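Let's take a walk through this structure, stopping at a handful of residues and asking what surrounds each of them. Keep the viewer open as you read.

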Amino acid sequence: MHITTKALVLRAVDYKETDKILTLFTQERGKLSASARGCRKKGSAIAAGCQLLAWSEMVLYDYQGRWAVKEAATERLFQGVRDDIGRLALGCYFAEVAELLAVEGLPSAELLSLTLNGLHALDKMPDKPLPLVKAAFEWKAMALAGYEPLIDSGTVHGEGVSLPLSDSALAALDHILHGDPRRLFSFRLEGEDLRRLADGAEDYLCTQLERGFSTLDYYKNLQMG
């Protein structure tokens, strides 16, 4: 059995001498695992498409009861993300969040689009502050996962979180939650307003999901360095 699908590599783990085990976010089948046999060999035709954060068209086949990569034609490598350690760390955090929220075998077009748009912003929008891109991704991801916050009298509420925000920060949050998803990052926010929206987004996400993220810790350590 073969399937052809576009897929984003959310995780890539070295396996044996020349293989990788990939966690893919596919258009048709949501999250799935696949082995990439021989992709670490020199000259492998599938090597580029099996990199972490690569967006590729893949041909997958059933190999001993699990998916394996037969072909991988790379469409985007988000090179601007790979060339900057801070952007790469943030992109890996987006992938880790998406991996947690995506469901095995269940398509999630909005979450996949959000993840790709987040990587695009990191890749092609150098004028956008990283805290703005990160906050927009986090708030929108939570809304898509069923954790959209309640807003009352200038305060954002969620399980275990109560966050007062300025009018400009609330307007930005409304844009993130309810605006055109294709224009998710097309807002301006600076200074203390951006800091509170960004800090609140991170706190809200980690509180609702009741966990931390190693990629987030690494990103934050880089920002402090």
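Ala98 sits in helix α2. Since its relative accessible area is 0%, Ala98 counts as buried. Bear in mind that we're looking at a predicted model. What does Ala98 touch, leaving aside residues up to four places away in sequence? The list is Leu10, Phe25, Leu111 and Thr115. If you want a sense of scale here, take Ala109: it is 11 residues from Ala98 in sequence, and the two C-alpha atoms are 12 Å apart.

Stay on α2 for a moment, because Glu99 is in that helix and has a partner in strand β1. The partner is Arg11, and their closest N and O atoms are 3.1 Å apart, making a salt bridge. Arg11 belongs to β1 (residues 2-15) while Glu99 belongs to α2, so this pair ties together parts that are 88 residues apart in sequence. The two ends of the bridge don't get equal treatment from solvent accessibility: Arg11 is at 38%, so it's partly exposed, whereas Glu99 is at 14% and therefore buried.

Helix α2 spans residues 85-101, and Arg87 is part of it too. Which side chain of opposite charge is nearest to Arg87? That would be Asp84, at 4.5 Å. A salt bridge needs a side-chain nitrogen within 4 Å of a carboxyl oxygen, and Arg87, although buried, has none. Beyond its neighbours in sequence, Arg87 touches Gly80, Val81, Ala121, Leu122, Met125, Pro126, Lys128 and Leu130, where residues up to four places away are not counted.

Asp19 tells a similar story with the opposite sign of charge. You'll find Asp19 in strand β2, which covers residues 19-26. Asp19 is buried and has no salt bridge, with Arg37 as the nearest side chain of opposite charge at 5.1 Å. So what does the side chain of Asp19 make a polar contact with? One answer is the side chain of Thr18, at 3.2 Å. Another polar atom close by is the backbone nitrogen of Gly38, which lies 2.8 Å from a polar atom of the Asp19 side chain. Both Arg37 and Gly38 also turn up among the residues that Asp19 touches, along with Val13, Asp14, Ala36, Cys39 and Arg40.

Now for the charged pairs that do meet. Side chains of opposite charge can pair when their charged atoms come close. How many salt bridges does a search of the whole structure find? The count is 12. One of them joins Lys134 to Glu138, with the closest N and O atoms 3.1 Å apart. These two are 4 residues apart in helix α4, which means they are separated by about one helical turn. Both Lys134 and Glu138 are buried, and they're linked with Glu202 and Lys220 in a network of salt bridges.

Helix α6 has a pair with the matching spacing: Asp199 and Arg195 are 4 residues apart, so about one helical turn separates them. Their side chains form a salt bridge at 2.7 Å, N to O. Asp199 has a relative accessible area of 42%, so it's partly exposed, and Arg195, at 41%, is partly exposed as well.

Next up is helix α5, residues 167-178. At 1.5 Å a residue, its 12 residues should span 16 Å, and the C-alpha atoms at its ends are indeed 16 Å apart, so expectation and model agree. Which residues of α5 are buried? They include Ala169, Leu170, Ala172, Leu173, Ile176 and Leu177. These residues cover an arc of only 160° around the axis, which means they lie on the same side of α5. Their cover includes α4 (130-144), β6 (150-152), β7 (155-158) and α6 (191-209).

Our last stop is the loop between α5 and α6, where Arg188 is found. Is Arg188 buried or exposed? It has 69% relative accessibility, so it counts as exposed. The side chain of Arg188 makes a polar contact with the side chain of Glu190, at 3.1 Å. For a long view across the model, look from Arg188 to Lys41: they're 147 residues apart in sequence, and their C-alpha atoms are 46 Å apart in space.

Methods:
Residues are numbered from 1 along each chain as its sequence is written. This is a predicted model: local features need pLDDT of at least 70, side-chain atom pairs count only at pLDDT 80 or more; totals for chains, interfaces and linings use all residues. Side-chain values use heavy atoms; hydrogens and water are left out. The expected span of a helix is 1.5 Å times one less than its number of residues. Buried means under 20% relative accessible area, exposed over 50%, partly exposed in between (1.4 Å probe, protein chains only). The arc is that of the directions from the helix axis to the C-beta atoms. Contact means heavy atoms within 4.5 Å. A polar contact is a pair of N or O atoms within 3.5 Å; within protein, one must be able to donate a hydrogen and the other to accept it, and residues adjacent in sequence count only if both atoms are side-chain atoms.
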